[in-house]
Amino acid sequence: MSTHIGSRRARHTAGPSGWMAVPALLFFLVFAIIPLGGVVLLSFSNWNGLGAITWAGLASWTEILTSPVTINALVVTAKVIVYSFLVQTPISMLLGVFIAGSQKYRALLAVLYFVPLLLSSAAVAIAYKALLDPNFGLAQGLNIPALAQNWLGNPDLALFVVIFVIAWQFVPFHTLIYQGGVRQIPASLYEAAEIDGAGRIKQFFHITLPQLKYTIITSSTLMVVGSLAYFDLVFVLTGGGPGYSTRILPLHMYLTGFEANAMGAASALAVILVVIGLTLALVLQRLGGKDRSASQLEGL
Amino acid sequence: MKTRKTRSMATAIAAATLSLSLAACGSSGPADTGGGNGETTMWSLTGGPEPVYEASVERWNENNPEQPMSVSFFANDAYKNKIRSALGAGQGPTFIFGWGGGVLESYVETNKVMDLTGFLENNPDVKDRFLPSVLENGVVDGKNYALPNNSTQPKVLYHNKQLFEEIGAQPPETWDELMALVPRFEEAGIAPISLGGQSKWTNLMWMEYLVDRIGGPEVFDRIAANEPGAWSDPAVIEALTKIQDLVEAGGFIDGFSSIAADSGADVAPLYTGKAAMLLQGSWVYTDMKTAAPEFVESGDLGWSKFPAVKSGEGHPDNIVGNPSNFWSINADGSGAQKETAKGYLKDTLFDETYIQEIIETGAVPPVKGIEDELQESPDSDFLTFAYEMAQEAPTFQLSWDQALSPGQADTMLTNLDLIFLGEITPKQFTETMNGTIEQGAGQ
């Protein structure tokens, strides 16, 4: 009995006090939990942003869930998530591996790769809009008629243009993450492999890739959950058009809330976004395996 | 195990708030520029007649030092979000800048703006200043809630005279003439019509004019009044069919749905000789003067009214566009603020200097009896045309995206986009739009 109490005391004095988490928790409560609760409440109300807030029950929810526009927004969002992941992961992983090397020119290239990361999404969108203009854009400037496509006006093309621009902007960020991951892999692993006669490609698949497991999970989580927040770029670039072909869920939420002034419906959409974001993030964390403290460096 | 679970839970929540934080954007209200008490404030938009407002407020302050006023300017989209949350929170300015239409109606419904009918009855000279067709757009349920504050902006069919000479044609006066011009321009390797389709509201001009020419202004009056089934009017179907015919015939420039009007990429084909015609607001005249002064000065820029439609019911002089922007007075303001506001509306709004300064920006003030002033302007040809257009128009219809409720406008613009893309039929369009009326009535 007395030893039990003693050990608890010991644990208390050994670790940092739980009170130190209070400021962070307070912030979290004020800026995340309370607004989240507010949004859930609003989703059961009718409010145009001006008059009184009236109770609407499930009206907004039935309207949202039966609307083909919402279903379409969900499909488009899923496409953006999947394609963004498929496009961005291999590119940023390879670039990350490449610039993790130590040669001099790589530092210069690395700096150049990071330029898109420094630009605001709105600036990127406006620049691409101008570049893709069929009459006065890149096609005209470089005199390559093949570039004069109906990039943003063709419903079949516009989504891929959006995915491309998103990748252009965010690949540098994920490259940075992978670069860090690669640099942490002990050189001795590669030396051993070389002695065993493994070539570059074999080394990549048998050492680099498995060693990057947690980096991949981190990068993918940010990529997938981030896809749910690509609002500014799409809003400025296409406004969701042509038609509804690039109206992703966060954009649909914004247009419903701040253009159509239907705060109830927009809040319901926000709740859906939160649930999807939470679920995806949890699933990705699970992919890391149950025993996350298992060593990746056994035998070293 | 448990801590691990909570940790991943926390990560997930943190990630989700990332997407949630979006919900907060746009709702940030102003800190202290508004307010129920204190100074009389005016919120307006940057650009255009910004210096005119500013100078008028200075003049007022000089003449009325005991009733000071101040003016702040915001970018268009930022303003639209700000003013709504500010008014909702009772923090709005004394002078509310507006467009009339659906938004003004929502202000009236929630008692945010002052009834100015009595003020105008007591001051007939103020009421008499404005063109009646324009003043009408500040009226809700027979009462005046808003007075014009800048310029009248009809939508005009511009053309490139040189390109018309090249194929030996005249600007179209009827829809059939317009359709006949399409293959002729195409043969000559010229795009018949430029259109900034990516911006969506640009497509709307074609529909607004066609519905008016075919069925008269009453068709849209019924739509705006939310009469059940109003969108199924045969005039709407015919207008949409005509639009799709024109798209099909290659009337609009290649890749028009990739062209954004906000950067002026729809106007550029006209002055660079790529496209022969453009339907746009009178405001792009000023843009063209800046972007291509030699084109405007050489007299190659022509303009005309929207073509008539054979056996259509609408008067060919009817116009659509922005009759003007408007001032409304905040109903939550203090008595002193309201008095100051009324004084400004009476003495300073559209006084001689104000009118002169608006004309100098290349725009037409919506007031009576300014023919001589317009004659003296370097842009007299265009300004007189636009002024006479507004003066003679039996009706001056507000752009539909402003006239309807914002939710309906969003659905309308997106579905009209689908019409131009040929993805839906006119019938599908009217069915979807009738659905918005039922929803509106149910709320």
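This text walks through chain B, its contact with chain A, and one helix of chain A. The model is predicted: local features need pLDDT of at least 70, side-chain atom pairs count only at pLDDT 80 or more, and totals for chains, interfaces and linings use all residues. Residues are numbered from 1 along each chain as its sequence is written, while chains are lettered from A and ligands numbered from 1 in the order in which they are written.

Start with chain B. It has 22 helices and 13 strands, which are DSSP runs numbered from the N terminus (helices H or I, at least four residues; strands E, at least two). Its C-alpha trace spans about 80 × 65 × 45 Å along the principal axes. The radius of gyration of chain B is 24 Å, which agrees with the value near 22 Å for a compact globule of 443 residues. That radius is taken over C-alpha atoms, and the globule rule is 2.2 Å times the number of residues to the power 0.38. Of the 443 residues, 50% count as buried (20 or more other C-beta atoms within 10 Å of a residue's own, placed from the backbone).

Now turn to the contact between the chains. Chain A and chain B each give 47 residues; two residues are in contact if their C-beta atoms, placed from the backbone, lie within 7 Å. On the side of chain B, α1 (2–24), α3 (76–88), α13 (268–271) and α21 (406–420) give two or more residues. The largest share, 14 residues, comes from α1(B).

Finally, look at α4 (residues 68–99) of chain A. This helix has 32 residues. A proline, Pro90(A), lies within four residues after Gln88(A), where α4(A) bends by about 25° (the angle between axes fitted to the seven residues ending there and the seven starting there).

Note on methods
Expected span 1.5 Å × (residues − 1). Buried ≥ 20, exposed ≤ 12 C-beta atoms within 10 Å, placed from the backbone.
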